[in-house]
Amino acid sequence: MDLPPPENVAPLTEPPFILSRPGHQAIPLVFASPHSGRSYPADLLRSTRLDPLTLRRSEDSFVDQIFAAAPDFGAPLLAATFPRVYCDANREPWELDPGMFDEPLPEWVNTASPRVGAGLGTIARVTGTGENVYDRRLRFTEAMDRVQNLWEPYHGALASLIEETRHRFGFCLLIDCHSMPSSVPAAGRTDMILGDAHGTACSPRATRAVEDGLLSLGYRVRRNDPYAGGYVTRHYGRPRQHVHALQIEISRGLYMDERRITPLPAMETLRQRMTTLLQRLSETDWSFLGR
């Protein structure tokens, strides 16, 4: 795919991700948070009628903070800084809605995925609560800029972490960290959902190990319904190649005021419990992942 360089698009000033590494990677786990970014570019704010608070309702707010202790237990943590509503790192790079653009899109763009149909492609047409994001049509060069300067660096870093881990240990478990609105019907009956693409992206034994850790902390847990894992889980989860990927969704009602996008005092309890989970995962013998 030979792409021309973006034209007339101002470069972003924020780095696309923050990578927190341990002094020494001691366990074969990689943690990632693709949706907790909260650096909103000026061109997005100029192109929308929505207020910043409404835009932020698409975020997996504070998830990077909840798992911030991962490096203390020997695992790297990769967190996107750009917001999901601007460029979604849990999508294919070119899932685009043709109705959003002022020109025909190239034939190789995926315009027909269910995610595009829902308005939640790589460049979102609507927020997580259904409001239209833009008050104008976009240029394709704007989408190119976001993919090339945000999506690609994030996934380049993630792929490198996975390969480094597999080279060091012979196998890797990626835990992709997300949050879900408490308004989702399933979220009213559970606290966390583990997605392993119905057993195809991760060893069932690994999924069970994380599930058991969460259950022991008192959380209600279910698997794959309604979140079985997105692009990251399905793309990187290759158990036959000794790379496993597991998505975790945490109900936002556990830790934040979803209307104001502010943490509740209970967030500290959640963070401490996730730190306990991290400790238990660091003490697990993961050698079965390489068999």
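Buried means under 20% relative accessible area, exposed means over 50%, and partly exposed lies in between (1.4 Å probe, protein chains only). This is a predicted model in which local features need pLDDT of at least 70 and side-chain atom pairs count only at pLDDT 80 or more, while totals for chains, interfaces and linings use all residues. Residues are numbered from 1 along each chain as its sequence is written, and side-chain values use heavy atoms, with hydrogens and water left out.

**Exercise 1.** Classify arginine 136 and find its salt-bridge partner.

*Solution.*
Step 1: Arginine 136 has a relative accessible area of 33%, so this residue is partly exposed.
Step 2: Apply the salt-bridge criterion, a side-chain nitrogen of Lys or Arg within 4 Å of a carboxyl oxygen of Asp or Glu. The side chain of arginine 136 meets that of glutamate 142 at 2.7 Å, N to O.
Step 3: Now check the partner: glutamate 142 is buried, at 6%.

**Exercise 2.** Where in the chain do the two partners of the aspartate 97 salt bridge with arginine 125 lie?

*Solution.*
Step 1: Begin with the distance: the closest N and O atoms of aspartate 97 and arginine 125 are 2.9 Å apart.
Step 2: Place the residues, taking helices (H or I, at least four residues) and strands (E, at least two) as DSSP runs numbered from the N terminus. Aspartate 97 sits in the loop between strand 3 (77-80) and helix 4 (114-117), and arginine 125 in the loop between helix 4 and helix 5 (140-169). The pair is 28 residues apart and links distant parts of the chain.
Step 3: Add accessibility: aspartate 97 is buried at 15%, whereas arginine 125 is partly exposed at 28%.

**Exercise 3.** Widen the view to the salt bridges of the structure: how many are there?

*Solution.*
Step 1: The count is 16 salt bridges.
Step 2: One of them joins the side chains of arginine 56 and glutamate 59 at 2.7 Å, N to O. With 2% relative accessibility, glutamate 59 is buried.
Step 3: Look for a network too: salt bridges link Arg84, Asp88 and Arg91.

**Exercise 4.** Work out the strand order of the sheet and name its edges.

*Solution.*
Step 1: Two strands pair if DSSP finds at least two bridges between them. The 7 strands form an open, mixed sheet in the order 1-3-2-4-7-5-6.
Step 2: Strand 1 (17-20) and strand 6 (221-223) each pair on one side only, making them the edge strands.
Step 3: Zoom in on one pairing: strand 1 and strand 3 run antiparallel and are joined by 4 bridges. Here isoleucine 18 stands opposite alanine 79 in strand 3.
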